[in-house]
Structure formats: structure tokens, C-alpha cells
Amino acid sequence: MDLITSLQEITKLSHLYYSRQWMFATAGNLSTRDNQTHNQFWITASGKHKGELKDSDFVCVSTLDGSLVQANDGLKPSAETSIHQVLYSQMPDVGSCLHVHTIDSNLLEFGVGKEEGCKEIPLPPIEIIKAFGIWDEKPNLTMPVFYNHTHVPTIANEIKRYFQNHGIPKVPFLLIEGHGPTVWGKTIAEANKHLEAVHFLLQVMARRI
Ligand SMILES: [Zn+2]
């Protein structure tokens with residue numbers, strides 16, 4: 001898929017997620033890897049209303065060090081760009097990362113400590129897990145849940161350390177407690193499928209509390 005089509009696809013998802021109440025106001029951030037250069041990605045610009053996002057409201061960032069490569073008219077990268085940068089740099093086959101703030105993900109409380117940084121939380125072995133490409137009957141899975149530091153690069157560093165120490169999670173997502181999920185996929189379509197499945201899973205977990 002060429003870059004323009006990818007940015008149009010992401011823009012459509014932004015409007016869809018806004019209508020689903022996953023990206024109220026300027027919340028959340030969506031990105032796609034630049035397939036031509038591979039070591040760059042395009043992410044929604046900071047402060048843009050996600051229900052009114054345009055396909056020009058993106059900035060280009062390096063996957064190698066998170067530096068700004070290109071931005072139109074003084075646009076700034078999303079505040080959470082460092083998290084996307086870590087995910088692209090740790091997983092070379094990932095083509096898209098999507099981060100939203102859903103109500104159900106914010107209802108879940110796991111008590112992750114500030115010093116602890118990350119906790120592995122068991123997932124219910126329900127049918128929707130198959131959407132992640134995991135076909136085991138009653139799989140014994142966990143998801144990494146991170147502390148919501150105000151300083152976002154601290155969260156990004158903790159995610160990087162987790163990946164380096166534990167490897168890539170079996171499930172294609174992570175959760176920041178009291179904040180929201182971030183998913184990834186090889187393509188925008190796959191990342192979108194993962195996000196819908198994560199939303200369903202977290203909704204089930206929130207209703208079981
Ligand atoms: Zn966020």
C-alpha cells in the first residue's frame with residue numbers, strides 16, 4: 001500500500017474510533033510505517049481532533065531515534081510518539097500501531113506500582129483470543145500492563161526494557177493502566193482487527209469486576 005492510501009486508511013480509522021468513543025477530543029494516536037524507507041513512520045499530529053482528522057495531519061518520525069523527519073505547517077508529533085518509536089524499533093515486521101483511550105480499559109485496575117513499572121496480568125481464555133492468531137484451546141496468556149507515568153518517554157523506556165528482558169509479548173498489545181491499550185499489526189487492517197479484539201477482551205474483563 002502506498003503512503004497516501006495508508007494515511008487515508010488511518011484517517012478513516014480515526015473518524016471511526018471517534019464515533020465509537022475511543023478517541024474523544026484529541027485522545028489517542030495512530031501511526032503507519034513508511035514502507036518505502038522502512039525506518040520512518042507517520043503518526044497523527046499533536047492536538048488534532050480525531051473526529052475531524054485530515055490525511056495531511058500527520059508527521060514523519062524516525063523509527064531509529066524518534067527524531068522528527070518531516071512535518072507540515074508547524075505540526076508537532078503526538079505526545080506519545082516515543083511509545084510508537086519503541087514498538088517499531090523492537091518489531092521490524094510491524095507496519096501499524098494504534099493507541100486509543102477506551103472507557104472499559106480505564107475501568108480496569110491492576111495496581112501497577114510506579115517503581116514496579118510493569119505487571120503481567122492473566123487474560124481470560126475466551127474465543128476472541130483467536131483474533132490474535134492464537135488457536136490453543138484455553139490458552140494460558142498474560143498481557144503486560146504498564147504504569148502511567150506523566151513523563152511519556154519513561155513509559156516508552158519501560159516498554160523497551162520489558163521487550164528486551166521478556167521478548168515480544170505473545171499477544172499483539174499492551175495496556176497502560178488508567179490510560180488505554182496500544183496494539184500493533186503487520187498491516188493497518190491487521191492492527192485494526194487486533195484493536196477490535198482487544199476492546200472486546202477488555203470489555204469482558206471490565207464487566208467481570
Ligand atoms: Zn494516550
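**Figure 1. D93, a partly exposed partner in a salt bridge with K186.** In this predicted model, D93 has a relative accessible area of 47%, which makes it partly exposed. Its partner K186 is exposed, at 52%. The two residues form a salt bridge in which the closest N and O atoms are 3.9 Å apart, and this counts because the cut-off is within 4 Å. The pair links distant parts of the chain, 93 residues apart: D93 sits in the loop between α2 (81–90) and β5 (96–99), while K186 belongs to the loop between β9 (180–185) and α5.

**Figure 2. R20 and E196, a salt bridge between a loop and helix α5****.** Here the closest N and O atoms of R20 and E196 are 2.9 Å apart. R20 lies in the loop between α1 and β1 (29–33) and E196 in helix α5 (residues 188–208), so this salt bridge ties together parts of the chain that are 176 residues apart in sequence. Take a look at the surroundings too: R20 is partly exposed at 31% relative accessibility, and E196 is also partly exposed, with 33%.

**Figure 3. E9 and K12, a salt bridge within helix α1****.** Both residues belong to helix α1 (residues 3–19), and because they are 3 residues apart, about one helical turn separates them. The closest N and O atoms of this salt bridge are 3.2 Å apart. E9 is partly exposed, with a relative accessible area of 28%, whereas K12 is exposed, at 54%.

**A note across the views.** The salt bridges shown are among the 5 that a search of the whole structure finds. Side chains of opposite charge can pair when their charged atoms come close.

Technical notes:
Residues are numbered from 1 along each chain as its sequence is written. This is a predicted model: local features need pLDDT of at least 70, side-chain atom pairs count only at pLDDT 80 or more; totals for chains, interfaces and linings use all residues. Side-chain values use heavy atoms; hydrogens and water are left out. A salt bridge is a side-chain nitrogen of Lys or Arg within 4 Å of a carboxyl oxygen of Asp or Glu. Helices (H or I, at least four residues) and strands (E, at least two) are DSSP runs, numbered from the N terminus. Buried means under 20% relative accessible area, exposed over 50%, partly exposed in between (1.4 Å probe, protein chains only).
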